Amino acid sequence: MKRFFLVITILLVKTGVFSQASITLSSTAGKTKISRHIYGHFAEHLGRCIYGGFYVGDTSKIPNTAGVRNDVVAALKKLKIPNLRWPGGCFADTYHWKDGIGPREKRPSIVNTWWGGVTENNSFGTHDFLNMCELLGTEPYLAGNVGSGTVQELADWVQYVNFEGESPMSKLRRENGRDKPWKVKLWGVGNEAWGCGGNMQPAYYADTYRKYATFMTDWTNGGGLFRIASGANSADYNWTETLMKNIPTNMLGGIALHHYSVINWAQKGPDVDFTEDQYFTTMQSALFMDSLIIKHVAIMDKYDPRKRVALVVDEWGGWYEVQKGTNPGFLYQQNSMRDAMIAGATLNIFNNHSDRVKIANLAQAINVLQAVILTDKEKMILTPTFHVMEMYNVHQDATLIPLTINTSDYVVGNKKLPAVSASASKDSLGITHISLANIDARKEQQVSINTSGLNLKTVSGRILSSQKLQDINSFENPDKIRPAIYNGASLKGNTLTVKMPPFSVVVLELK
Ligand code: AHR
């Protein structure tokens, strides 16, 4: 009988009905904690991310708390967002924080030169952002202006938000209505210094970083400022090498890395009506994150074998042409099952590299690039990416279970990619979670997982899938794609068998 089933399975695989993957979970408890900060987000003054996205002002008819949309706060709390990066992006190196404090009517207006040339009236500033983070229960991650600012300006910002005692900046903060400091730990020292942050060369930026970092005083009473150097553009390994060589590790909390899943910067392709070939190329770019991390980490390991410096992937996600009819400078795109696949596969990569990747920020939270939330005036929808981030949040601060994977390929013409990716962890209650992404646009995958030594008895799960790769949640049909109870996994002894439909994401809970 066993032989009969084996022959049938081989036939089904050969005829292309489904493919197979096998995974072995390590039975010895891992030592690496998957930092919850890998599940971070990003809010730039860009398009409708802040204005209309997070913030509508306290005179708006849209229900809000101090101007921040209540629906957005409730949704983001479900994600358990661990940190939020602000105010940019490229905008950060044009931003003078003193423009955004004090009475709104006295705040100056500026031009948002990077994003659409629109007028920025600074009605959303430091207090608004940091109070919003308190509302969200998330850690702020402030990006300082190095490109067009001064050392004094950034040092003052640190003092303004973090100093408890009597000082010029804490006095100003109190005059503006906030007694206690917010004690912000995460600080970016500029953004994309190789590009919009000043077109610097790596050795020049390394020296500039040292100077800025020196004057960013740690006012947090031992909490420690976590200073993050502006990092490489994708595969610019020389940038990482130069920074690691020239900045002492005790001055460096982390080094950033930016990588977007893009087909081609000159022709990014549509957000929704993409072809399978375009999907394949996007996924190729997304999966490239794994080899990028491996290579940047190898350089970091040379200078920092004890892994004290974090790799901070503080911009990642899919980048397509903007929705037709929208401002090209606003980077507004819809979000399909393709984005769910980018998120599932990328978060598996981050989890599996969590010994070095300690922070990551999806670009961006609302109405910009691979957003988790889209808004249209009073309406709000959750994207497929939101659902993946919510399903995967079980990994936050859990212990990584290392795994090995053997997967069949997703083949298009003469090109191929590994079809299945996975990551696993054990949380503080002893519950094991496995997240799986099958990026194959056509084939179901039968995944066999060896759980020997883990003593697991029950399995349940959730799945995110849809009929078409191009499917989206729209304002007319907001729940077309949402997680469903998943019954496609069975546990017999030490073998867990999981049947995954094409382009689907599954998260399993095992006890
Ligand atoms: O996320 C959009 C932009 O992409 C950011 O402002 C910049 O840092 C990057 O180039």
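These are my notebook entries on a predicted model of a protein chain.

**Entry 1. The two domains**

I began with the division of the chain. Domain 1 consists of two stretches, 5-31 + 425-510, and domain 2 covers 36-397. I then looked up the separation of the two domains, and their C-alpha centres lie 31 Å apart. To the contact between them, domain 1 gives 30 residues and domain 2 gives 33 residues.

Next I turned to the buried area. About 2,600 Å² is buried between domain 1 and domain 2, and 68% of this area is on carbon and sulfur atoms. I asked which three residues supply more of the area that domain 1 buries than any other three. They are Ile439, Leu469 and Phe475, with 27% of the area that domain 1 buries against domain 2.

**Entry 2. Polar and charged links between the domains**

I looked up the salt bridges between domain 1 and domain 2, and the count is 2. I also examined the pair Glu390 and Arg462, whose side chains form a salt bridge with an N to O distance of 2.9 Å. By the domain bounds, Glu390 falls in domain 2 and Arg462 in domain 1. For polar contacts between the two domains, I noted 12 residue pairs, both residues being at pLDDT 80 or more.

I then asked which strands supply at least two residues each to the side of domain 1 that touches domain 2. Strand E21 (432-438), strand E23 (459-464) and strand E27 (504-510) do so. E21 gives the largest share of this side, namely 5 residues. Sorted by class, the side of domain 1 that touches domain 2 holds 15 nonpolar, 10 polar and 5 charged residues.

**Entry 3. Gln470**

I located Gln470 in the loop between E23 and strand E24 (484-485). Leaving aside residues up to four places away in sequence, Gln470 touches Val272, Phe274 and Ser336. These three residues have numbers inside the bounds of domain 2, while Gln470 belongs to domain 1. A polar atom of the Gln470 side chain lies 2.8 Å from the backbone oxygen of Phe274. I also recorded the position of Gln470 relative to Glu134: the two are 336 residues apart in sequence, and their C-alpha atoms are 36 Å apart in space.

**Entry 4. The disulfide**

I searched for disulfides and found that the structure holds 1. The partners are Cys90 and Cys196, with their sulfur atoms 2.2 Å apart. Why is this disulfide left-handed? The torsion about the S-S bond of Cys90 and Cys196 is about -90 degrees, so the disulfide is left-handed. The pair joins distant parts of the chain, 106 residues apart. Cys90 sits in the loop between strand E5 (83-86) and strand E6 (110-112), and Cys196 in the loop between strand E9 (186-189) and helix H6 (202-215).

**Entry 5. Salt bridges in the whole structure**

I looked up the total for the structure, which is 24 salt bridges. One that I followed is between Asp397 and Arg36, with the closest N and O atoms 3.1 Å apart. This pair also links distant parts of the chain, 361 residues apart. Asp397 is in the loop between helix H10 (384-392) and strand E16 (399-401), whereas Arg36 is in the loop between strand E1 (18-25) and strand E2 (40-42).

**Entry 6. Backbone details**

I finished with the backbone. The peptide bond from Gly88 to Gly89 is cis, with omega near 20 degrees. Gly89 lies in the loop between E5 and E6, and Cys90 of the disulfide is in the loop between these strands too. I noted a cis peptide bond between Ala363 and Gln364 as well, where omega is about -10 degrees. Gln364 is placed in the loop between strand E13 (357-362) and strand E14 (373-376).

Last, I checked Leu331, which is not a glycine and yet has a positive phi of about 50 degrees. Leu331 is in the loop between strand E12 (310-318) and helix H9 (337-352).

Key. Residues are numbered from 1 along each chain as its sequence is written. This is a predicted model: local features need pLDDT of at least 70, side-chain atom pairs count only at pLDDT 80 or more; totals for chains, interfaces and linings use all residues. Side-chain values use heavy atoms; hydrogens and water are left out. Domain bounds come from an automatic or database domain assignment. Contact means heavy atoms within 4.5 Å. Buried area is the accessible area (1.4 Å probe) that two parts lose on being put together, summed over both. A salt bridge is a side-chain nitrogen of Lys or Arg within 4 Å of a carboxyl oxygen of Asp or Glu. A polar contact is a pair of N or O atoms within 3.5 Å; within protein, one must be able to donate a hydrogen and the other to accept it, and residues adjacent in sequence count only if both atoms are side-chain atoms. Helices (H or I, at least four residues) and strands (E, at least two) are DSSP runs, numbered from the N terminus. Ala, Val, Leu, Ile, Met, Phe, Trp, Tyr, Cys and Pro count as nonpolar, Asp, Glu, Lys and Arg as charged, and the others, Gly among them, as polar. A disulfide is a pair of cysteine sulfur atoms within 2.5 Å.
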